[in-house]
Amino acid sequence: MSAAIPHSPELGTAPSARASERARRRTWALVGLGGALVLVGLISLGAGAVAIAPAEVWAALGALIFKTTSADAMHLAVVGSIRAPRVLFGALVGATLGVSGAALQGIFRNPLADPGLIGVSSGASLGVACAMMLGGSLTGFVAGAMIPAAGFLGGLIATMIVYRLATRGGRTDVATMLLAGIAINAFCGAGLGLLIYASSDTELRDFTLWTLGSLTTASWTTLAMATPVALVAIGLLLSQQRQLNAMLLGESEAFHLGIDANRVKKRVVALSALAVGASVGFAGMIGFVGLVVPHLLRLAGGADHRLVLPGSALLGAALLVGADALARTVAAPAELPIGVITSLIGAPFFLWLLTRRLKGGG
């Protein structure tokens with residue numbers, strides 16, 4: 001498979017009517033995605049085993065934010081203690097997965113470079129599983145910090161192995177990258193299998209649910225621990241818009257524009273591993289968000305990373321919050337793992353993407 005991102009980016013900074021029009025459309029697109037995220041978040045606050053009408057959701061939010069007293073006590077407890085941190089946590093995880101996928105696709109110059117397909121998520125999962133087994137007796141902040149740190153290290157090691165294997169003479173072969181990702185996924189799957197085999201019945205149940213992905217652990221405490229790591233990774237990845245735009249033209253062209261391609265690659269790989277590792281550590285394996293979201297944005301608005309990176313953060317957040325609402329309502333009062341929902345959406349999309357590329361349309 002050859003590297004192919006369809007449109008050349010707009011690199012110039014000279015003011016022009018055309019550039020202003022593109023900037024205006026980009027701004028409105030991001031505003032629209034932000035509005036969609038808010039709408040999906042409000043719907044998700046009311047969805048679940050205890051259905052809450054939109055007016056009651058507004059009343060509960062008003063009571064939480066402005067300390068009004070008009071909200072029903074039960075609705076206030078459900079929204080304030082359970083659903084609000086869960087929606088915010090889902091948005092955070094979706095944003096990290098979306099922007100990480102967009103950044104990895106940018107440096108590999110291929111829309112198939114999903115964090116799950118190239119082994120980042122599997123490496124992070126193995127790291128987290130090892131931390132859960134070895135640090136099972138730890139509690140408090142140390143235990144909470146160890147899990148995302150282990151996820152980061154696992155994801156970083158997996159990404160560096162895939163990158164080293166797939167890169168020769170400064171060029172990354174996408175077929176080799178995907179094959180190396182399959183091997184890393186298989187190796188990490190075997191490692192997880194060994195850990196599951198050696199675990200107790202309680203640990204086995206926890207591992208199984210965790211590998212399917214879930215936002216059930218979301219709380220204000222979890223959110224406080226995950227937010228700084230995720231926001232730092234997202235912010236630094238968003239700052240790479242110009243560099244990734246230049247690399248779309250080729251590494252030689254990027255060099256002439258003053259971009260150190262190797263430094264950008266290492267930075268993006270490390271930040272993506274940090275973001276994905278933290279997400280996997282707190283929420284488990286959630287696949288296909290990093291594949292589907294950036295590609296949808298490229299289909300709709302081109303390859304300019306000034307749209308793709310922030311747009312992937314917003315659309316990834318909206319997609320995961322919506323998927324979580326579905327997971328809570330489809331089999332209510334039971335709850336489906338959110339990884340099942342995203343895989344049901346992402347797997348057919350991936351097959352369509354492969355078919356489209358084989359026909360020369362991608």
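A search of the whole structure finds 7 salt bridges, a salt bridge being a side-chain nitrogen of Lys or Arg within 4 Å of a carboxyl oxygen of Asp or Glu. The structure is a predicted model, in which local features need pLDDT of at least 70 and side-chain atom pairs count only at pLDDT 80 or more, while totals for chains, interfaces and linings use all residues. Residues are numbered from 1 along each chain as its sequence is written, and side-chain values use heavy atoms, with hydrogens and water left out.

Side chains of opposite charge can pair when their charged atoms come close. One such pair is formed by Asp 324 and Arg 86, whose side chains meet in a salt bridge at 2.8 Å, N to O. This pair links distant parts of the chain, since Asp 324 lies in helix α13 (residues 305–329) and Arg 86 in helix α3 (residues 73–108), 238 residues apart; helices here are DSSP runs of H or I with at least four residues, numbered from the N terminus. Asp 324 is buried, with a relative accessible area of 2%, and Arg 86 is likewise buried at 8%, where buried means under 20% relative accessible area, exposed over 50%, and partly exposed in between, with a 1.4 Å probe and protein chains only.

The side chain of Arg 86 also meets that of Glu 335 in a salt bridge (2.3 Å, N to O). Because Glu 335 lies in the loop between α13 and α14 (338–358) and Arg 86 in helix α3, the pair ties together parts that are 249 residues apart in sequence. Glu 335 is partly exposed, with a relative accessible area of 34%. Together with Arg 328, the residues Arg 86, Asp 324 and Glu 335 are linked in a network of salt bridges.

A further salt bridge joins the side chains of Arg 306 and Asp 304 (2.9 Å, N to O); Arg 306 counts as partly exposed at 22% relative accessibility, whereas Asp 304 counts as buried at 11%.

Helix α11 was also examined. In α11, 17 of the 23 residues are buried, so this helix is largely enclosed by the rest of the structure. Lys 266 lies in helix α11 and, at 55% relative accessibility, counts as exposed. Just after α11, Gly 284 takes a positive phi of about 80°.

In helix α5 (residues 140–166) lies Leu 153, which counts as partly exposed at 49% relative accessibility.

Note on methods. Helices (H or I, at least four residues) and strands (E, at least two) are DSSP runs, numbered from the N terminus.
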